[in-house]
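Reader: Hey, I've got a structure open and no idea where to start. Can we go through it together?

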Amino acid sequence: MIQAEISIYPMATKTTSSSFYIAKAIDSIKNIENLRYVVNSMGVILESNNMDIINKASKNMIETVHHLGIARVEAIVKIDSRTDKQQTIEEKIESIKKQMN
């Protein structure tokens with residue numbers, strides 16, 4: 001299972017808010033098969049069994065913001081690829097919670 005967190009940063013927008021661009025970027029990945037995603041306040045967690053799908057989603061998000069007229073888009077992507085077992089986003093969170101007091 002592969003999970004990746006992507007944070008998109010549109011540069012030189014007219015306001016300090018980027019929520020419009022982020023929302024459109026997320027809309028661009030809604031129909032990608034074999035992709036799950038969870039939105040959080042700092043980015044989007046992507047999940048798939050296929051790295052090509054993770055890459056496709058990241059590319060779609062960045063290109064969508066470019067198509068909205070933003071000439072420069074920065075993105076931070078962190079990838080966790082695990083081959084010894086299948087573990088979903090929710091299972092990873094539950095594993096951490098079990099270790100907390």
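Author: Sure, let's start with pockets. On a 1 Å grid over the protein atoms alone, a cavity is a set of points where a 1.4 Å probe fits but cannot get out, while a pocket is an open set with protein on both sides within 12 Å along at least five of seven lines; lining residues have an atom within 4 Å of a point. Grid points are joined across faces, edges and corners, and a volume is the space filled by probe spheres set on the points. Some background: this is a predicted model, where local features need pLDDT of at least 70 and side-chain atom pairs count only at pLDDT 80 or more, though totals for chains, interfaces and linings use all residues. Residues are numbered from 1 along each chain as its sequence is written, and side-chain values use heavy atoms, with hydrogens and water left out.

Reader: OK, so what volume does the largest pocket have?

Author: About 200 Å³. Its lining has 14 residues, and Ile22, Asn40, Ser41, Met42 and Gly43 are the ones nearest the centre.

Reader: Which elements give two or more residues to that lining?

Author: Strand S1 (2-10), helix H1 (19-27), strand S2 (36-40) and strand S3 (43-48). Helices (H or I, at least four residues) and strands (E, at least two) are DSSP runs, numbered from the N terminus. S1 provides the largest share, 4 residues.

Reader: How many of the lining residues are nonpolar, polar or charged?

Author: There are 9 nonpolar, 5 polar and no charged residues in the lining of the largest pocket. Here Ala, Val, Leu, Ile, Met, Phe, Trp, Tyr, Cys and Pro count as nonpolar, Asp, Glu, Lys and Arg as charged, and the others, Gly among them, as polar.

Reader: And the second largest pocket, what's lining that one?

Author: That pocket has a volume of about 170 Å³, and residues including Glu5, Lys78, Asp80 and Lys92 line it. By class, its lining has 5 nonpolar, 1 polar and 4 charged residues. Helix H3 (89-99) is one of the elements that supply at least two residues, and H3 gives the most, with 4 residues.

Reader: Switching topic: S3 came up earlier. Is S3 buried or exposed?

Author: 6 of the 6 residues of S3 are buried, so S3 is largely enclosed by the rest of the structure. Buried means under 20% relative accessible area, exposed over 50%, and partly exposed in between (1.4 Å probe, protein chains only).

Reader: Which strands does S3 pair with?

Author: S1 and S3 pair in the antiparallel sense over 5 bridges, and S2 and S3 are also antiparallel, over 5 bridges. Two strands pair if DSSP finds at least two bridges between them. Ile6 stands opposite Val44 in S3, and Val38 has Ile45 in S3 as its bridge partner. A hairpin through 2 residues joins S2 to S3.

Reader: How many aromatic pairs are there?

Author: The whole structure has 1. Phe20 and Tyr21 have ring centres 5.3 Å apart and planes at 80 degrees, so the pair is edge-to-face. Rings of Phe, Tyr and Trp (its six-membered ring) pair if their centres lie within 6.5 Å; planes under 30 degrees apart are stacked, over 60 edge-to-face and the rest tilted. Phe20 is partly exposed at 46% relative accessibility, whereas Tyr21 is buried at 16%.

Reader: Last one: where is Ala12, and what is its phi?

Author: Ala12 is in the loop between S1 and H1, with a positive phi of about 60 degrees although it is not a glycine. Most residues other than glycine have a negative phi.
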